[in-house]
Each structure stands twice: as C-alpha cells, then as structure tokens.
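Colleague: I am new to reading structures, so please pick the last part of this chain and take me through it closely. Tell me also how that part ties in with the rest.

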Amino acid sequence: MSRAALLSLSAVVLLAGCSPTGASAPAPGAAAPIDGPHLRAEGVAFDPVAHDVDPGAECEGRAGREALAVLDRAAWPELGVAAGEAVMRCGSADGAGWRHIADGHTGDFGELAELVGAGWEDVAWFAIDRALEQPTRVEEYRDDILNYDVLVELVDGGEATRSWMVTVGVGLGSGQVITAFPDEQR
C-alpha cells in the first residue's frame, strides 16, 4: 500500500469515531423541523411555500381532456396493483379531474388549509401527491376504481391533534384521477 493511501486510510479511521459538537445539521434530504401548526402526511410536512401551486390557472382555457399533470402512483401488491402513473386532467365540474375537485371539494380542503394559513389548492395537491406516491392504504371502490388514501395530520407542538383520511379515486383502466376529498377521522 502506498504511503498516500495509508495516510488517507488512517485519517478515515481516526475521523470515524468523531461526532460533531453543538447543534447538528439535519441529515441530507431531511426537512428542518417546522415551528407551529402544520400538516403532515406519511412523514412529509406540508410547506405552503414549497407546495404552492395554481392548477386552476393552468386549466384556464384548456379542454377537459387535457392532462394537467402526470403523477407517480405507488404499487399495492395486496391488490395486485403495479406502480405506474396517474393522470390529472383538467376535467369538468360534473365529471372528474381537477375541475370536479375544485367544484365539489374546495370547502373540504379549505378547512384543512385554513388551519395552517394556506390555499386550498396547495393542500389538495399536496395530499393528492402523497396519497398516490405513499398511500396509507389502497382499496377497491368498484371494479373499475381504486381509492388511494393517505392520512393527513394536523401537528401542533409535536403532537397530531386532528387527522383526515384523504381519498384519491383513480380509474383502474384509465389511470385518471377522478376525485379527491378529505374525511375527518374521529
């Protein structure tokens, strides 16, 4: 072994047992702790700045069949569901997609958003994304629709004080997001 390699190895061995003093930085990729009340879903905290969206404006002037976004969808082996994609279309108020969610569930998501001083669209989009990527559970709604559910908690003082199960209905054959809504858990 060369002298340089030996010195490098010695430095690694010497530093291996060292630990930082003072305040430690969060691990890479870990979020800094959030002060005050906030929403959390499957280990991810909602951040009103980072999760700021405006899908209503994105759909302005678009036909209902146009795709607003393509989202990752987790596998659920218990139901034989492979990982894939879910398509959020602009949709229609009386049908499915973003316009349906906006028309029928603005108030529902608005209740959660109000608790943390955010917009309903931001909270809805955060919950939809978490439900599809990291569901708490997946259930068959009908033979052609799967419900991806995620538990969203209001965290205050480090403790979950309230919770909602947010359901995202996805067409089994089409992969299209049909609807999304929160249901407060008792």
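Modeller: Here is a walk from the whole protein into its last strands, and then out to what they touch.

Let us start with how far to trust the picture. This is a predicted model, with a mean pLDDT of 83, and 82% of the residues reach 70 or more. The stretch to be careful with is residues 1-30, where the pLDDT is below 50. Beyond near neighbours in sequence, that stretch has 2 contacts in the model. Where pLDDT is low, the predicted coordinates should not be read in detail. We can leave that stretch aside and look elsewhere.

Next comes the overall plan. The protein has 4 helices and 8 strands, and along the sequence they follow the pattern α-β-β-α-β-β-α-α-β-β-β-β. The pattern ends in four β in a row, and our close look falls on β6, β7 and β8. Across the protein, 36% of the 186 residues count as buried. Among contacts with a separation of 6 or more, 51% are between residues 24 or more positions apart.

Now to the strands themselves. Strand β6 covers residues 145-156 and strand β7 covers residues 159-171; the two run antiparallel and are joined by 12 bridges. To find your place in this pairing, look for Val155, which stands opposite Ala160 in β7. The hairpin here has 2 residues between the strands, and Gly157 takes a positive phi near 65 degrees in it.

β7 also pairs with strand β8, residues 177-184, again in the antiparallel sense and over 7 bridges. That puts β7 in two pairings, one with β6 and one with β8. A good marker for the second pairing is Thr167, which stands opposite Phe181 in β8. The hairpin of β7 and β8 has 5 residues between the strands, and Gly175 has a positive phi near 70 degrees there.

If you would like a non-glycine example of a positive phi, go back to Glu42, with about 45 degrees. Glu42 sits in the loop between β1 (38-41) and β2 (44-45) and is partly exposed, at a relative accessible area of 35%.

Back in our strands, which residue shows how β6 ties in with its surroundings? Asp149 of β6 is a good one to follow. With a relative accessible area of 2%, Asp149 counts as buried because that value is under the 20% cut-off. Its side chain has a partner: a polar contact of 2.8 Å joins Asp149 and Arg137. Leaving out residues up to four places away in sequence, Asp149 touches a set of residues that includes Met165, Val166 and Thr167. Those three belong to the range of β7, and Thr167 is the marker that stands opposite Phe181. Asp149 also touches Ala131, Pro135, Thr136 and Glu139, among others.

Ala131 takes us to helix α4, residues 120-133. This helix has 14 residues and reaches 20 Å from its first C-alpha to its last, close to the 20 Å expected. Is α4 mostly buried or exposed? Of its 14 residues, 11 are buried, so the helix is largely enclosed by the rest of the structure. The buried set includes Trp120, Trp125, Phe126, Ile128, and Ala131 itself.

For β8, follow Thr179. Thr179 is buried, at 14% relative accessible area, and its side chain makes a polar contact of 3.4 Å with the side chain of His105. Thr179 touches Thr167, Val168 and Gly169, as well as His100, Ile101 and His105. Thr167 is thus a contact of Thr179 and of Asp149.

Finally, look at the loop between β3 (67-73) and β4 (84-89), where Ala74 has its place. Ala74 counts as buried at 16% relative accessibility, and its contacts include Leu132, Pro135 and Tyr148. Val81 belongs to the loop between β3 and β4 too; it is buried at 12% and touches Leu146 and Tyr148, along with Arg73, Ala75 and Trp76. Tyr148, then, is touched by Ala74 and by Val81, and its number falls in the range of β6. The loop comes within 9.4 Å of another distant part of the chain as well: Val81 and Val138, 57 residues apart in sequence, have that spacing from C-alpha to C-alpha.

How values were computed
Residues numbered from 1 in each chain as written. Predicted model: local features only at pLDDT ≥ 70, side-chain atom pairs only at ≥ 80, totals over all residues. Heavy atoms only, no water. Pairing = 2+ DSSP bridges. Buried < 20%, exposed > 50% of the residue type's maximum accessible area, 1.4 Å probe, protein only. Contact = heavy atoms within 4.5 Å. pLDDT = per-residue confidence, 0-100. Polar contact = N/O pair within 3.5 Å; in protein donor to acceptor, adjacent residues only side chain to side chain. Expected span 1.5 Å × (residues − 1).
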